[in-house]
Amino acid sequence: MGFLQAVWALGKIEGGEGLEPYLVLPLEREGKVVRVHLKVENPRSAPLNVLGIEKIDLVDFQPEPQMKLKYLFRKRVGSAASWGFSPLHKMGKPKANKDKLREEFFGKEGDWRGDKDSQLFKIKNKLLLDYEVEGALAEGSVNRIMAELERKIEGVLHDLDNKQSHLILFGVVDNGEFLYPGEVPAFVEYFKGKLAASLQGGGAEKAEPQKTGQRCAICGTKDADFTSLNKVFKFSTDDKVNFIYGLDKKRSTTVFPICLSCLEKASGGRDRTERKLANTSLWPGTRLWAIPEAVGQEQGLFLNLLSTLEQNLHETELRPIGEEREKRFFSQLARRENTGLVFHFVCWELNNAQELIHFMVEDVPPERLSSLESCWEETVYAFLGEEKGKELCSLDTAIRSLYANISRVAGKSEADRKVFRDFALKIIAKMLQGERVPAETFKKTINARTGKLIFDSDNWLSARESIFYAHIWLEYMNRLNARRRTYAS
C-alpha cells in the first residue's frame, strides 16, 4: 500500500480535475505532428459535418504539460481496439526510403483500402470510422476526409524525419486557426463517453457505474461508484490476470475496488511519475519509477523537496567515459539524506498490453542509497585508485556495470540473456531492500561462464575487462554483506 498511497499523494499534489488526470502526452520525447485541418460546417456542433481538408502541415511536438488537454490523448484499451480516445494516429518513425514511405502509407500495391498494414487503412478503419458510429462525425464525413487525405498527404511526405516519431492529428479549422481535439466539443464528448465505458470495464460499450456496497481500498469511501486498479496500472490484464484479480477477472471490481475520485488521483500520480520520476536508461527495455513519500514532513516542505528532486533528476547530467551523456538517477536520490523522504521503486517492462513487474521495493531511505554508493566508491578506489576511480564511483555506474557484465557472460542466447538479466535485477532489488546479496551465486555463475566468454570473444581485451569488473562486483557484494553484518550486530 505504500507505493499506492505515494502515487495517490502525487496525484493529489498534481491537482487537475475533469479529464486532465486521465490524459497523457502522446510522445515521451521530441517528435513531429502532422496536423490535418478539417473544414467543418460548425466547429461547435455535434456531430461535426466535415466538408473536406483545409490543409495539412507539419509542426514540432509540444511536450508541455498544459498541452495534454489539447491533444486529449489516452492510450488505447488494447492494440486490437478499432477506436482510440482521440483522433490521433501514432505512426512511429517513417521509412527513410521515399518509395518505402509511400508504400507504408498507400500499401504495397498502391491500394491502401485492401492493405491492412498501410497507414491510411489504419487511420480509417482503426480510428475515424468509430467517430461516425458514435455520432461525433456526421455520416459521410470519413469518406470525405480519406478522399482528400489520400491526395494531400503527399505534400508533407518528403518533409518527414525518419529519426523522429510522428503523429497524425485531426483538428478543426475555426476562422483560420487550428483547434486541437481538446478544443472541439464533439471530440471531447466522444472522449468522455469512451472513458466512462472503459473505466467500468465495458470496453467500447456504454456502461453505467455499479454500486458494490464495499469501501474504496485507498480512501475507505463506502457505497461509491467503483472501478478496478488496472485502469491505471496494467500489472494485470484480462488475458494475464497476474495478482490483482486472483484467477477470476470478473471479480476485478471486488478484489481491490477504488472509487472514481481515487482513480483520478492515482491516474494523475502515475502521469507525474512518468514525466518526472522515471528512468528508462538503466536497463534496456525496462522502466524504473522512484516515487517519493514524506515521513513526518509538512506539506509545504515536501513540495519544495519534490520540486527540487524532479528538477535535478531531469537537468543534472554529466559526461562520463565514451562521451555518452548519463543522468545520475540513483546518485540524485541518495543526496536526499536527512529530508524525511523514503522512496518506492518499481521496475517493470511492457509485455504487449501488460506492464510486467520485475521488482517492487518500498520504503527505501536515501541513506541506504548513499551507503550503497559509498561502498561502491571504496571498492572502485581499491581496484583502480582514486584518480581513475572517481570517474566510475556513482551508484548509477555500479548498476550499469552489473548489467553489462551479466549480459556479456550470458552470451548470445536470448533465453540465457533473459535469465541473466532477471538475476541482475534480483541483485539490485536485494540491494535496495537492504538484504544480503547473493555473492556466492554470482561468483559461481561468473566462474562457470568465464571459459565460454573467452572462447566466444573476438577481442581478448574486452573479455579481460569483463572478468576484471566481475571481480570488482564480487568484492563489492562481499563488502555490502560485511556492512550488513556489522549493522545487524
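A residue counts as buried when its relative accessible area is under 20%, as exposed when the area is over 50%, and as partly exposed in between. By that rule C219, with a relative accessible area of 39%, is partly exposed. The model described here is predicted. Its chain has 489 residues, of which 49% count as buried, and contains 16 helices and 13 strands. Among contacts in the chain with a separation of 6 or more, 69% are between residues 24 or more positions apart.

**Cysteines**

- A disulfide is a covalent bond between the sulfur atoms of two cysteines.
- A search of the whole structure finds 0 disulfides.
- C219 is in no disulfide, and the nearest cysteine sulfur, which belongs to C262, is 3.6 Å away.
- The cut-off for a disulfide is a pair of cysteine sulfur atoms within 2.5 Å.
- C393 counts as buried because its relative accessibility is 12%.

**Helix α7**

- Helix α7 covers residues 185-199, and its 15 residues should span 21 Å at 1.5 Å a residue. The C-alpha atoms at its ends are 21 Å apart, so the expected span and the model agree.
- Of the 15 residues in α7, 11 are buried, and the helix is mostly covered.
- The buried residues include F187, Y190 and F191, along with G193, K194 and L195.
- The elements that cover the buried residues of α7 include two helices, α4 (119-133) and α9 (260-276), and two strands, β4 (165-174) and β6 (226-228).

**The surroundings of F61**

- F61 is located in the loop that runs between β2 (50-60) and α2 (68-71).
- With a relative accessibility of 6%, F61 counts as buried.
- Apart from its neighbours within four places in sequence, F61 is in contact with L25, P26, L27, R29, G31, K32, V33, Y71 and L167.
- One of these contacts, R29, is 32 residues from F61 in sequence, while the C-alpha atoms of the two are 8.6 Å apart.

**An open sheet and a helix across it**

- Strands of a sheet pair through backbone hydrogen bonds, either parallel or antiparallel.
- In this model, 4 strands form an open sheet in the order β8-β9-β12-β13, with antiparallel pairing.
- β8 (278-279) and β13 (354-364) are at the edges; each has a single partner strand, so one side of each has no neighbour in the sheet.
- β8 pairs with β9 (residues 287-294) over 2 bridges, in the antiparallel sense.
- Within this pairing, N279 stands opposite L288 of β9.
- Helix α14 (residues 414-433) lies across β12 (341-351) and β13, and runs at about 25° to β13.

**Salt bridges**

- The model has 23 salt bridges when a side-chain nitrogen of Lys or Arg must be within 4 Å of a carboxyl oxygen of Asp or Glu.
- One of them joins D57 and R35, with the closest N and O atoms 2.9 Å apart. D57 lies in strand β2 and R35 in strand β1 (residues 31-40), so the pair ties together parts that are 22 residues apart in sequence. Both D57 and R35 are buried.
- Another joins E134 and K194, with the closest N and O atoms 3.4 Å apart. This pair links distant parts of the chain, as E134 is in the loop between α4 and α5 (141-152), K194 is in helix α7, and the two are 60 residues apart.
- Are E134 and K194 buried or partly exposed? E134 is partly exposed, because its relative accessible area is 32%. K194 is buried, because its relative accessible area is 2%.
- R270 and E274 also meet in a salt bridge through their side chains, at 3.2 Å from N to O. Because they are 4 residues apart in helix α9, about one helical turn separates R270 and E274.
- Salt bridges that share partners join R270 and E274 with R287 and E355 in one network.
- R270 counts as buried, with a relative accessibility of 10%.

Methods
Residues numbered from 1 in each chain as written. Predicted model: local features only at pLDDT ≥ 70, side-chain atom pairs only at ≥ 80, totals over all residues. Heavy atoms only, no water. Buried < 20%, exposed > 50% of the residue type's maximum accessible area, 1.4 Å probe, protein only. Expected span 1.5 Å × (residues − 1). Contact = heavy atoms within 4.5 Å. Pairing = 2+ DSSP bridges. Axes fitted to C-alpha atoms, helices over the stretch in contact; angles between N-to-C directions.
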